[in-house]
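Colleague: I'd like to learn how to read a model like this one, feature by feature. Can you walk me through it?

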Amino acid sequence: LNHFEKNRKYIVMFRHPYLWINSLKKAKYDIKFDSIDKNVNFKFYRNNNAFVEEFDLTFNNLIEIWNMYYKFYIELLKKHNFDLVFIDYCKLVGSDGFNYTKNKCNNILSIDENTFNNSLNTPAKDHGNPVDKQTAQNKCLNNTKLLDDYEKNIVKTYIDKRLVDYFHIKL
């Protein structure tokens, strides 16, 4: 926790697990898997002043990673009282995403709506491509069609129910 500063506002975007898994199936990033339900390897990179350390963590399924990621941020919020706000991806890309995000962030956004919308169409990392807003909205509205029944059952079996309640996720 040493690299986190308490006097900053942290913004964490959360995705419905069906959307997240669908995204990983298109571009796996640093997560290696053949199936969402077994032997998932997550490659971590730690950069300490020009020294890069790599290590892998193995998980039983993709949902364990999703759970771990969001539980970490909720712990920062609850136990360490960090100024942290969660942004719902589907509301971010929704028709009123700018006002939703501005309100969630207590109006700290210092950009106009056009700049905000243009930034959503800019890659955040050096891999992958942003999805156009209409496609993103359609995926949010039809997220149950993104995974097959077997994969949805894996999510329902292994997801931390406290996170489902916390984020008001409908599975």
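Colleague: Let's begin with sulfur. Which residue does the disulfide join to Cys90?

Modeller: First, a word of care: this is a predicted model. To spot a disulfide, you look for two cysteine sulfur atoms within 2.5 Å of each other. Here Cys90 is joined to Cys140, with an S to S distance of 2.2 Å. The structure holds one disulfide. The bond links distant parts of the chain, since Cys90 sits in helix H3 (residues 89-92) and Cys140 in helix H6 (residues 133-141), 50 residues apart.

Colleague: Is that disulfide left-handed or right-handed?

Modeller: You read that from the torsion about the S-S bond. For Cys90 and Cys140 the torsion is about -90 degrees, so this disulfide is left-handed.

Colleague: And are those cysteines buried or exposed?

Modeller: Under 20% relative accessible area counts as buried, and over 50% as exposed. Cys140 has 14% relative accessibility, so it is buried. Cys90 comes out at 23%, so it counts as partly exposed. Another cysteine, Cys105, is buried with a relative accessible area of 0%.

Colleague: On to the aromatics. How many aromatic pairs does a search of the whole structure find?

Modeller: It finds 10. For each pair, check the distance between ring centres and then the angle between the planes, where over 60 degrees counts as edge-to-face. Take Phe86 and Phe167: their ring centres are 5.0 Å apart with 80 degrees between the planes, an edge-to-face pair. Phe86 belongs to strand S5 (residues 83-88) and Phe167 to helix H8 (residues 161-167), so the pair ties together parts that are 81 residues apart in sequence. Phe86 is buried, at 6% relative accessibility, and Phe167 is buried too, with a relative accessible area of 7%.

Colleague: Which residues do ring pairs link into a cluster?

Modeller: Phe86 and Phe167 belong to it, along with Phe14, Trp66, Tyr69, Tyr70, Phe72, Tyr73 and Tyr166. Rings can have charged company as well: Arg15 lies over the face of Tyr89, at 4.1 Å from the ring centre.

Colleague: What about helices? Which residues are buried in helix H4?

Modeller: Mark the buried positions, then look down the helix axis. In H4 (residues 97-104), the buried ones are Gly97, Phe98, Tyr100 and Thr101. Seen down the axis, the buried residues of H4 fall within an arc of 165 degrees, so they line one face of the helix. Next, ask what lies over them: the cover includes S5, H3 and helix H5 (113-120). Just after H4, Asn106 has a positive phi of about 55 degrees.

Colleague: Now charges. How many salt bridges does a search of the whole structure find?

Modeller: Four. Look at which parts of the chain each one connects, and at how accessible the partners are. Glu151 pairs with Lys25, their closest N and O atoms being 3.0 Å apart. That pair links distant parts of the chain, with Glu151 in helix H7 and Lys25 in helix H1 (residues 17-26), 126 residues apart. Glu151 is buried, with a relative accessible area of 11%, whereas Lys25 is partly exposed at 37%.

Colleague: Which residue forms a salt bridge with Lys71?

Modeller: Asp160, with the closest N and O atoms 3.4 Å apart. Lys71 lies in helix H2 (residues 62-79) and Asp160 in the loop between H7 and H8, so the pair ties together parts that are 89 residues apart in sequence. Asp160 is buried at 10% relative accessibility, while Lys71 is partly exposed at 36%.

Colleague: Where do Lys152 and Asp149 lie?

Modeller: Both are in helix H7, three residues apart, about one turn of the helix. Their side chains meet in a salt bridge, 3.5 Å from N to O. Lys152 counts as buried at 16% relative accessibility, but Asp149 is exposed at 61%. As for networks, salt bridges that share partners join Lys71, Asp160 and Arg162 into one.

Colleague: What does Lys152 touch beyond its sequence neighbours?

Modeller: Leaving out residues up to four places away in sequence, Lys152 touches Tyr18, Thr144 and Leu147. You can also compare backbone positions: the C-alpha atoms of Lys152 and Leu171 are 8.0 Å apart, with their positions 19 residues apart along the chain.

Key:
Residues numbered from 1 in each chain as written. Predicted model: local features only at pLDDT ≥ 70, side-chain atom pairs only at ≥ 80, totals over all residues. Heavy atoms only, no water. Contact = heavy atoms within 4.5 Å. Helix = DSSP H or I, 4+ residues; strand = E, 2+ residues; numbered from the N terminus. Buried < 20%, exposed > 50% of the residue type's maximum accessible area, 1.4 Å probe, protein only. Phe/Tyr/Trp six-rings, centres within 6.5 Å; stacked < 30°, edge-to-face > 60°. Lys NZ or Arg CZ within 6 Å of the ring centre and 35° of its normal. Arc of directions from axis to C-beta.
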